[in-house]
Amino acid sequence: MSSEKHFYITTTLPYINSEPHIGFAAEIIKADVIARYRIQRGDSVFFNTGTDEHGLKIYQKAAELKMPVQEYCDLYSAKFLPLKDKLNLSYNKFIRTTDPGHQKAAQEFWRRCEAAGDIYKKAYKVKYCVGCEMEKTDSELENGRCPLHPDRDLEIIEEENYFFRFSKYQDKLLALYERHPNFVRPDSRLKEIKTFVANGLQDFSISRFKEKMPHGVPVPGDESQVMYVWFDALVNYISTLGWPEDYDRSGNFEKYWPALQVCGKDNLRPQAAMWQAMLMSAGLPASRQVLVFGFLTANGQKISKSAGNGIDPLALVDKYGADALRYYLLAEIPPFADGDYSEEKFRERYNADLANGLGNLAARVSNLLEKNKIETALKVDLKDPGIKVTAVEIEEKMADYRFNEALQAIWDKLRDSDEILSRTAPWKMSDQKEIAAVLKPLAQDILNLACLLEPFLPAAAAKVQAQFSATQVNKGDVLFPRLT
RNA sequence: CGCGGGGUAGAGCAGUUGGCAGCUCGCCAGGCCCAUAACCUGGAGGUCGUCGGUUCGAGUCCGACCCCCGCAACCA
């Protein structure tokens, strides 16, 4: 294809005050499916992720560990790197908000907002919970304490900070949502953000007093202040493309912006409202779309960093493999709703669909081909009538990012194949031609399905494609060993 | 009157414009014996949160209420 389309997708950047957890794994896996799907369709894809490294919590944590803060950042940022191989991710950029290029970009972004008249200084006095890294209004407090961190004293912050004129952008944001009814997915989240914006916006603080908290991007033209972590962090979505100077001479900002941004539902406001207002202020185009995913619970309980009931995605991969984890998170959990993780359900789903479903069918067909010495030499053909319906269905589902339903379409087809195989029972036949007439279309379907499966389960898809495109298909190894 | 999402078979979920309650897992009984004790067929199991209303007819529309769960300016 000569008319190559550019497509940019980015995850949120996880904050490095803890290890990677399953919620982020779910987010980045979904982003990876979208990225791989676009790559498969011939788009040129820029897929960004990275780490968010500024702010008070990190400053304090480094101090706790008696570590220079940059050393802490290097150490913790590096904990996110293994996700790429372990989860089999296709991202091609990993940005850190402590990267010099990013910091320069954040400063330039600040200057543009300032030039637009959207940054001003204001005396500021507020109760602040360090645990939440958040200001607290009185209505949010219980007995004068943060309900989430009742063991910590609230800090009273009293200083002059810079503020961003968020309130100025109310109408423009509402106009943006009107113009692009798909700007935020799903609809319920769009409705939520519309209501929020329509109810009125308050300017928010975007800097901190350097003497108290030096770990941030310096505010241009004011030695005494650093940027509040969120202001600089959001800029990563464009600094990663080389904005503003195109310092890597890639032309990536021109080619790829605006982004499809994915995030968890807690990030709706920063992504869909604050960041969009910031872009407007800096005179840049709005994001392409914001996908807001649900949250995971673990065994029905809320996962929280403080409660320590997190699930280590890397341990799961070591135990079951990347495809197994990807499959569970994509097939079992509806993409935009909350879902639950439990090892029992994980194992159940693995056995039912991967071992007994895909794996067993591939074993049945490949074994019969090998035993009967039937040569096939098949090639992927998505126009094949046997697969067309499924291919179209996946296209429809993927247009709405309904990964679970797309996978369901593939598994419906696998089930059909199992049924055909049982009904025709080629193992009872003696005529080789007759046997081949039954097996060949089934093998072709499996090969085609493996191609369609590539964005979801890249490793298994590659294995099955290699197996079923051989001249003489052999049974080979068990694809997904049954768990006992 | 802060905002939002839910309550449908033992579990997890679908149910489009109101028209005989479905799917997956699990369970039971058959079949098959190529396959990873897998696969195929059939079956049991639900007064669709409660009360009231509209209607020939309500899981679906309207009203009130009960119960869960998130969010509430930044934990994905």
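1. Let's begin with P244, which sits in the loop between α9 (236–239) and α10 (252–256). In this predicted model, the peptide bond leading from W243 into P244 is cis, and its omega is near 5°. W243 itself is tucked away: its relative accessibility is 4%, so it counts as buried.

2. A second cis bond is worth a look while you are in this part of the chain. The bond from W257 to P258 is cis, with omega near 10°. P258 belongs to the loop between α10 and β11 (260–264).

3. Now to the aromatic rings. Searching the whole structure gives 27 aromatic pairs. One of them joins F109 to W243: the ring centres are 5.8 Å apart and the planes stand at 65°, so this pair is edge-to-face. F109 is in helix α5 (residues 100–115) while W243 is in the loop between α9 and α10, so the pair ties together parts 134 residues apart in sequence. F109 counts as buried, with a relative accessibility of 0%.

4. How are the rings of Y120 and F163 arranged? Their centres lie 6.0 Å apart and their planes meet at 25°; because planes under 30 degrees apart count as stacked, the pair is stacked. Y120 comes from strand β4 and F163 from strand β6 (residues 155–164), so this pair ties together parts that are 43 residues apart in sequence. Both Y120 and F163 are buried.

5. Y124 is also worth finding, in strand β4 (residues 119–129). With a relative accessible area of 7%, Y124 is buried. Its C-alpha atom is separated by 9.6 Å from that of F163, and the two residues are 39 apart along the chain.

6. If you would like a set of side chains to display together, try the aromatic cluster. Ring pairs link Y8, F46, F109, W110, Y162, F231, Y237, W243, F253, Y256, W257 and W275 into it. Two of the residues from the cis bonds above therefore turn up here, W243 and W257, each of which comes just before a proline in a cis peptide bond.

7. On to helix packing. Helix α14 (residues 343–371) and helix α17 (residues 432–453) have axes that come within 10 Å and cross at roughly 140°. That angle makes α14 oblique to α17. The crossing of these two helices is left-handed. On the α14 side the contact is made by L358, L361, A362, V365, L368 and L369, which meet L439, L442, A443, I446 and L453 of α17. Sorted by class, this contact has 11 nonpolar residues, with no polar and no charged ones.

8. Helices α6 (residues 170–179) and α11 (residues 268–281) make another packed pair, with axes 10 Å apart and an angle of about 110°. This makes α6 roughly perpendicular to α11. Here K172, L173, L176 and Y177 of α6 meet A272, A273, Q276, A277 and M280 of α11. The contact of α6 with α11 has seven nonpolar residues, one polar and one charged. A general reminder may help when you look at either contact: an α-helix has 3.6 residues a turn, so residues three or four places apart point the same way.

9. Is helix α13 (residues 322–332) mostly covered or mostly open? It is mostly covered, with 10 of its 11 residues buried. The buried residues of α13 are A322, D323, A324, L325, R326, Y327, Y328, L329, L330 and A331.

10. Finally, two backbone points to check by eye. K66 has a phi near 55°, a positive value in a residue other than glycine. K66 is placed in the loop between α2 (56–64) and α3 (69–78), and at 77% relative accessibility it counts as exposed. A377 likewise is not a glycine, yet has a positive phi of about 50°. This alanine, A377, is in the loop between α14 and α15 (385–399). Its relative accessible area is 45%, so A377 is partly exposed.

Key:
Residues are numbered from 1 along each chain as its sequence is written. Chains are lettered from A and ligands numbered from 1 in the order in which they are written. This is a predicted model: local features need pLDDT of at least 70, side-chain atom pairs count only at pLDDT 80 or more; totals for chains, interfaces and linings use all residues. Side-chain values use heavy atoms; hydrogens and water are left out. Axes are lines fitted to C-alpha atoms, for helices over the stretch in contact, and angles run from 0 to 180 degrees between N-to-C directions. Helices (H or I, at least four residues) and strands (E, at least two) are DSSP runs, numbered from the N terminus. Angles under 35 degrees count as roughly parallel, over 145 as roughly antiparallel, 65 to 115 as roughly perpendicular and the rest as oblique. Contact means heavy atoms within 4.5 Å. Ala, Val, Leu, Ile, Met, Phe, Trp, Tyr, Cys and Pro count as nonpolar, Asp, Glu, Lys and Arg as charged, and the others, Gly among them, as polar. Buried means under 20% relative accessible area, exposed over 50%, partly exposed in between (1.4 Å probe, protein chains only). A crossing is left-handed if the near helix is turned anticlockwise from the far one by less than a right angle, and right-handed if clockwise. Rings of Phe, Tyr and Trp (its six-membered ring) pair if their centres lie within 6.5 Å; planes under 30 degrees apart count as stacked, over 60 as edge-to-face and the rest as tilted.
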